[in-house]
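Biologist: I've got the structure open and would like some help reading it. Could we go through a few features together?

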Amino acid sequence: MAVHRSGPLKQQNKAHKGGRHRGRSAAQRDGKGRVAVKVLSKKARKELSRVDQRHRASQLRKQKKEAVLAEKRQLGSKDGPPHQVLVVPLHERVSLGEALLLLQNTDNRVVPVVEQAGAPGFMLLCPQLKHRWFFTSAKSGDLHTMLDLAKVADTILFILDPVEGWDSTGDYCLSCLFAQGLPTYSLAIQGVGGLLPKKQAEAKKKLSKALEKRFPGDRLLHLDTQQDAVLLLRQLANQKQRHLSFRDRRAYLFAHAADFVPNQESSLVGTLKVSGYVRGQTLDVNRLLHLVGHGDFQIKQIDAPADPFPLNPRVIKARKGLDMAMQVCVDADGATEMEEDLKVLVRADPARQESLQSEVVPDPMEGEQTWPTEEELNEANDFLKERTKMVKKVPKGTSSYQAEWILDEDDEGSSDEDEDKDEDEDEAAEDFMEGEDSEVSKGSEEECETMTVGESVQDDQYDEKIDEEAEEQMLEKYKQERLDEMFPDEVDTPRDVAARIRFQKYRGLKSFRTSPWDPKENLPQDYARIFQFQDFSRTRKRIFKEIEEEESEGAEVGWYVTLHVCGVPASVVESFRQGVPLVMFSLLPHEQKMSVLNMVVRRHPGNLEPVKSKEEMIFHCGFRRFRASPLYSQHTAADKHKAERFLRPGMALVVTVYAPITFPPASVLLFRQTPDGKHNLIATGSLLSVDPDRMVIKRLVLSGHPFKILTKMAVVRYMFFNREDVLWFKPVELRTKWGRRGHIKEPLGTHGHMKCTFDGQLKSQDTVLMNLYKRVFPKWTYDPYVPEPTPWSKDETSPGPEVDMQ
């Protein structure tokens, strides 16, 4: 019998993995010392085991808890700065004087100390609680004082009305404080005991319901008796502190006393000796100092006087021959009976001290070419003559000599117009179609003025307060804003000036998103005065890392020091003596230099008046306060950003302005000053970047109407009014409101009619558009001095939404 034998092509299946299980030792023995790749990478990444990870996490939690406890113990202690509390009443029925009197008369062990300078406030010393407080107050209508004190306050104490909570003015102040950045705060009710027992529960229920929107989950305290005041002080002392990013990386100081020493040359400028407690970071004498609302200055030296508000007065032992010990006690003015010799802590080093230079002195010859010679000018003129001979159209039979006297319209235009003049012409072109409407509106307003509704005296007094010129300007702004919303960026082509001359600074783009645009092209003269970083984000990270890691020399946090500030005008100390608080911040490197700041803001819902681009605004950017004229543009991720003519409500826009460099994060508030001196909150947001290369592109849209339509061809009129303009703008792409795209094929006649082709059938109701673009820059109107606003009175309604307590 024949036996089957498999051939060479027989399929060989994989054998089953049988046998005993290999242990770890057998695997290591077979590996012969080789280590797996995963183990090597794990060691290189220094990954920890689960036990080590749990241990590290517990250590980090312990360190954070100890840091929070250390910060809480240092604030208000004998070694740290006093616990600064800002008291803000949120309703006109709240009695601020009664609240402060209850806090002063809290307990016999609390020692009230009257402040040295004109700044309102008092010091509370409590040896039993081992804590000291410094209370300052600000009325709800005094906006600048409240915002400046909130910049340096450790805690804000809001006092509410038990029935309504806060009124419209209080709600307006809350909006400003929330936008600037709210530190640790507490809520107290005044006057609950004056209500009937049945109405107390109902009032608390309504108030808690209203507080859920503004302060969700916060505890309400009472401030009617001395016992309530004691509980409130304990709550303030044990609260966890909230941090504000713009002041944690800088040293700041609130002035408790100030003295002015005029210079020998002029009595208007001198040295300001200002005393206070150092907060935030260590104060370096070589850094610049910013006085909020007054500008940047240099520090000459730092003195270390005795603390005028010690928690436990020191006892000096008696000398030999004296039987009694002499005790140094604090009097009402905060001065010691036995003053020690004043110690100079540190003096400024001229080699390391930062300069006050904020602008670059531009060199008019820098980057310029050499002046051309006569031969080069003659060659250029000959070339231009040859070029004009080739393109000039002359009547038939005209000689070359006669052709020289025929001028071309292109030579009449000038491209050396100023930017401001061009902007005025833009506005004039935009308002071309509004002349008749404005005349009709003026006539209707005059008719309204002659009509009388009633014979009451109140109506006559109301009419006397109205400024007719301001009303007319506001009406014109409303009309422009409404027209810009209905027809965005559309303007009418002027008939008295050629379009190629009027819009010679504009260009057409194939695509606004992808078409190239050089950010260094055609920069204004003001760009020669500013500073620019090669990489702003990298510089910011390096400076913040140096603050966290390096230990700087100077006045430590909690020390009571006296700063000698040079070159300060006498108006600073005069305003301080009148009761205006003086707040100082130490500047980081480069923060005194001018550049282009970009801020993301959103329109405040309580203000609905139109805000036009390049209108002067008041900025609160972090710790700075200044005036400037900003540009508004869209907040996108592209390299080009479309300019907006008005600050649109309901959308985030970017504000571009010339201002000193400030490292984000920093809060931003925009105010507009009214003719009566009050400041209205317009928008709130935050600082985005410091980037002069951010391109803000203004779009201008010319519109035309189809006259004759034949499939994809159409004759368009009213976009231009002469043949030369059609030829000039022929390369620019056209589009329609219904989505068609096309281009100009040729002009027809001499009245601006043109034959255009499109990518589809054109409708007779459609409108043909042409987009032109130009880069715009902000105006250099930076002013660090902002006058104090007029406080809001009780009879007036502040610009904020009313609060419904029902």
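Modeller: Sure. Let's start with one term: contact means heavy atoms within 4.5 Å. Keep in mind that this is a predicted model.

Biologist: Let's try that on arginine 717. Which residues does arginine 717 touch, not counting residues up to four places away in sequence?

Modeller: Arginine 717 touches Gly704, His705, Phe707 and His753 on that count. You'll find arginine 717 in strand S29, which covers residues 713–717.

Biologist: Is arginine 717 buried, partly exposed or exposed?

Modeller: Buried means under 20% relative accessible area and exposed means over 50%, with partly exposed in between. Arginine 717 has 25%, so it is partly exposed.

Biologist: And how far apart in space are arginine 717 and valine 768?

Modeller: C-alpha to C-alpha, they are 9.4 Å apart, with their positions 51 residues apart in sequence.

Biologist: Next, strands. How do side chains sit along one?

Modeller: In a regular strand the side chains alternate between the two faces of the sheet. Take strand S3, residues 122–126: Phe122, Leu124 and Cys126 point one way, while Met123 and Leu125 point the other way.

Biologist: How many of the S3 residues are buried?

Modeller: Five of its five residues are, and S3 is mostly covered.

Biologist: In which sense do S3 and S4 pair?

Modeller: Antiparallel: S3 and strand S4 (residues 131–137) pair over five bridges. For instance, phenylalanine 122 has phenylalanine 135 in S4 as its bridge partner. The two strands form a hairpin with four residues between them, and lysine 130 in that turn has a positive phi of about 55°.

Biologist: Where else should I look for a positive phi in a residue that is not a glycine?

Modeller: Try asparagine 522, with a positive phi of about 55°. Asparagine 522 lies in the loop between helix H16 (499–502) and helix H17 (536–549). Its relative accessible area is 62%, so asparagine 522 counts as exposed. Histidine 590 is another case, with a positive phi of about 75°. That histidine 590 sits in the loop between strand S19 (583–586) and strand S20 (594–603), and it is partly exposed at 25% relative accessible area.

Biologist: While we're on backbone angles, which residues does a cis peptide bond join?

Modeller: Proline 664 and proline 665, with omega at about 10°. Proline 665 lies in the loop between strand S25 (652–660) and strand S26 (667–673).

Biologist: Now the inside. Which residues have the most contacts inside the largest nonpolar core?

Modeller: Phe158 and Phe671, in a core of 50 residues. Leaving aside neighbours within four places in sequence, the contacts of phenylalanine 158 include Val88, Leu90, Leu174, Tyr185 and Phe215. There is also a second, separate core of 29 residues, with Tyr632, Leu647, Val668 and Ile682 among them.

Biologist: Last one: threonine 562. Why does threonine 562 count as buried?

Modeller: Buried means under 20% relative accessible area. Threonine 562 comes out at 11%, so it counts as buried. Look for threonine 562 in strand S18, residues 560–569.

Biologist: Which side chain does a polar contact join to that of threonine 562?

Modeller: The side chain of serine 275, at 2.8 Å. Beyond neighbours within four places in sequence, threonine 562 is in contact with Lys273, Val274, Ser275, Gln301, Ile302, Asp303 and Pro305.

Conventions:
Residues are numbered from 1 along each chain as its sequence is written. This is a predicted model: local features need pLDDT of at least 70, side-chain atom pairs count only at pLDDT 80 or more; totals for chains, interfaces and linings use all residues. Side-chain values use heavy atoms; hydrogens and water are left out. Buried means under 20% relative accessible area, exposed over 50%, partly exposed in between (1.4 Å probe, protein chains only). Two strands pair if DSSP finds at least two bridges between them. A nonpolar core is a set of buried Ala, Val, Leu, Ile, Met, Phe, Trp, Tyr and Cys residues joined through side-chain atoms within 4.5 Å. A polar contact is a pair of N or O atoms within 3.5 Å; within protein, one must be able to donate a hydrogen and the other to accept it, and residues adjacent in sequence count only if both atoms are side-chain atoms.
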